Amino acid sequence: MIMLQKQLNKDQLLQYTASCIETLDPHNEYDRHRFQSGLQLYRKGHVYNVSIDEGLIEATVEDDAEIISVSIDLLDYDENRCDCFETENCEHMLAVLFYCASSYGAVGDILSMWKQQERPTIVMKGLQRASSLLQRTTYQEEDLDSWFRYFDEQYDKYVKGLQSSYYTKRISHTIYYEYYKPLEARAPKKGVLNGMFRLHALLFSVEKLFESFQKENNSSFFNTNTLRQHIDTFVEDLEYTTYNVAKTLLPNEHQASLKRIEKQLDIVLSTSGEHFEPAFDMYRLVWTRLLHPRGFTKERVEGLSVLLQKGVKGEQLHYELCHLHFLLGNDKAAIEQLDMLQELPFYILTDWILYLDEKHEDERIQNWLLHWYQAIQKKLPHTSYYEAKKLIMHLLPLYEEHMKEGYDTILQELLPFSYVYYCDYVIDNKQYRTWAELQMLVKMDPFYEAAEYVKIVEKHDREALIPLYHYWITHYISMKNRPSYKQAIRYLKKLRTIYRKEKRLSEWEVYVKRLSATHSRLRAFQEELKKGKLIDDN
């Protein structure tokens with residue numbers, strides 16, 4: 001502790017801790033839990049290996065038997081790291097701050113900061129500040145241009161606030177909580193206007209988020225991962241907001257606002273850079289739920305087609321056109337645009353097929369399932385097993401529903417990735433011997449991995465298990481170690497039971513004698529055979 005005092009400035013530590021406490025709301029259950037968990041981790045002695053170098057604190061925290069590495073930069077808030085990947089002050093960082101404060105006997109100071117946060121007077125002062133700010137900066141509720149002037153004014157103030165901060169803060173890491181959420185809170189109270197304001201504010205914020213990320217050169221894994229977490233949060237908010245706007249907006253209402261949203265989506269795509277996929281998720285979400293049902297799609301397609309005719313190039317055009325053609329039901333045109341892309345976006349195909357299933361468009365869904373199947377056959381040889389399983393897991397049940405005649409062929413051709421689905425299929429269709437052959441094909445020990453299937457097969461066609469037992473007995477003997485021999489003996493006993501029930505004991509006796517003779521030099525295996533009373537001592 002004395003060493004920590006020499007390496008760490010108390011005022012600097014407490015000033016940093018105070019800024020962390022200010023981000024927590026004692027009236028929020030999640031924040032309260034975070035603070036208390038951090039305090040308990042410190043009190044129970046779960047913080048250790050603490051080192052400090054020029055304001056950089058590194059430590060290890062043990063949380064439920066999990067070892068967590070923590071790094072806190074007192075000079076640059078955005079360089080903080082924690083293995084739990086929380087975007088803001090997590091319980092592990094708080095535990096480390098408690099530990100460091102304890103070297104000065106300052107844990108009570110942190111608790112006092114927290115109590116100050118809890119006081120109603122503090123809350124009232126915050127409300128008064130927000131109220132005065134609202135009085136100073138206003139907009140006209142039904143004037144779209146006034147909204148965007150307001151967005152710009154607030155953004156300039158937000159950026160200046162970051163620049164004047166004692167700690168280095170990145171726009172890409174703070175814009176959601178420190179710009180968008182306060183802006184959202186100042187939306188008009190009227191229902192439809194409230195939703196439209198929030199939707200415009202959100203897309204404006206995402207545009208600034210992407211622009212700032214490019215300028216700030218956030219190339220590290222941590223910064224990119226943190227940005228992706230913020231983008232995902234924006235996508236969640238967008239889904240909720242778009243749903244509410246689409247539900248309350250009347251036909252032909254707020255047309256100018258909707259056209260502005262169309263332009264905002266275009267900007268979001270063009271500024272997204274390496275984060276094009278989540279940006280396109282936003283684009284598809286708003287077009288599918290809001291703009292397409294209000295008749296904007298055909299005009300947009302015509303405009304994009306003119307750009308292509310003029311020789312304008314870029315993948316963004318093809319991405320937009322393929323989705324818009326899909327919404328219009330022009331599947332052939334959508335496929336032509338997909339073919340223009342450098343790599344087929346399977347996640348989009350999957351979403352489209354699930355969308356058609358939700359809409360009960362059976363004829364279209366069959367065409368898209370066939371197209372997906374043709375494309376996936378080309379991709380699988382160049383895909384990892386895990387990625388391949390992810391690609392097919394959502395759609396195979398739809399093949400069973402919409403393409404019953406060729407479903408078994410598809411399952412066979414997609415093996416081993418379709419293993420689980422094919423097992424279900426052959427069991428449901430009482431093809432027990434096919435199921436047994438499948439286990440040997442994929443080298444899966446069903447007696448260990450799929451015991452519930454073994455029980456079904458044993459009940460209806462136990463002879464189908466005989467080749468499987470032979471296969472796995474041979475496999476375990478070939479491993480040539482005592483535990484494997486014991487496993488082989490267990491399977492031999494079960495095999496003997498099946499031979500006895502099928503009145504084929506003479507075959508069993510010939511088999512076990514031949515097995516013993518073949519492996520006569522494996523002394524440990526011979527010992528296990530005798531222990532299991534599968535052969536006699538002679």
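Trainee: Are helix 14 and helix 16 roughly parallel or roughly antiparallel to each other?

Mentor: Happy to start there, and note that this is a predicted model, where local features need pLDDT of at least 70, side-chain atom pairs count only at pLDDT 80 or more, and totals for chains, interfaces and linings use all residues. Residues are numbered from 1 along each chain as its sequence is written, and side-chain values use heavy atoms, leaving out hydrogens and water. Helix 14 (residues 315-328) and helix 16 (residues 346-359) pack at about 15°, with axes 12 Å apart. Angles under 35 degrees count as roughly parallel and over 145 as roughly antiparallel, so these two helices are roughly parallel.

Trainee: Which residues of helix 16 make the contact with helix 14?

Mentor: Contact means heavy atoms within 4.5 Å. Helix 14 brings Y319, C322, H323 and F326 to it. The residues of this contact divide into 8 nonpolar, 1 polar and no charged. From helix 16 come Y347, I348, W352, Y355 and L356.

Trainee: Lovely! Which helix gives the largest share of the largest nonpolar core?

Mentor: Such a core is a set of buried (under 20% relative accessible area) Ala, Val, Leu, Ile, Met, Phe, Trp, Tyr and Cys residues joined through side-chain atoms within 4.5 Å. The largest has 133 residues, and F151, W372, W435 and I473 have the most contacts inside it. Its largest share, 13 residues, comes from helix 9 (residues 191-216).

Trainee: And is E142 buried or exposed?

Mentor: E142 sits in the loop between helix 6 (120-136) and helix 7 (144-163). Its relative accessible area is 64%. Over 50% counts as exposed, so E142 is exposed.

Conventions: Axes fitted to C-alpha atoms, helices over the stretch in contact; angles between N-to-C directions. Helix = DSSP H or I, 4+ residues; strand = E, 2+ residues; numbered from the N terminus. Parallel < 35°, antiparallel > 145°, perpendicular 65-115°, else oblique. Nonpolar A, V, L, I, M, F, W, Y, C, P; charged D, E, K, R; others polar. Buried < 20%, exposed > 50% of the residue type's maximum accessible area, 1.4 Å probe, protein only.
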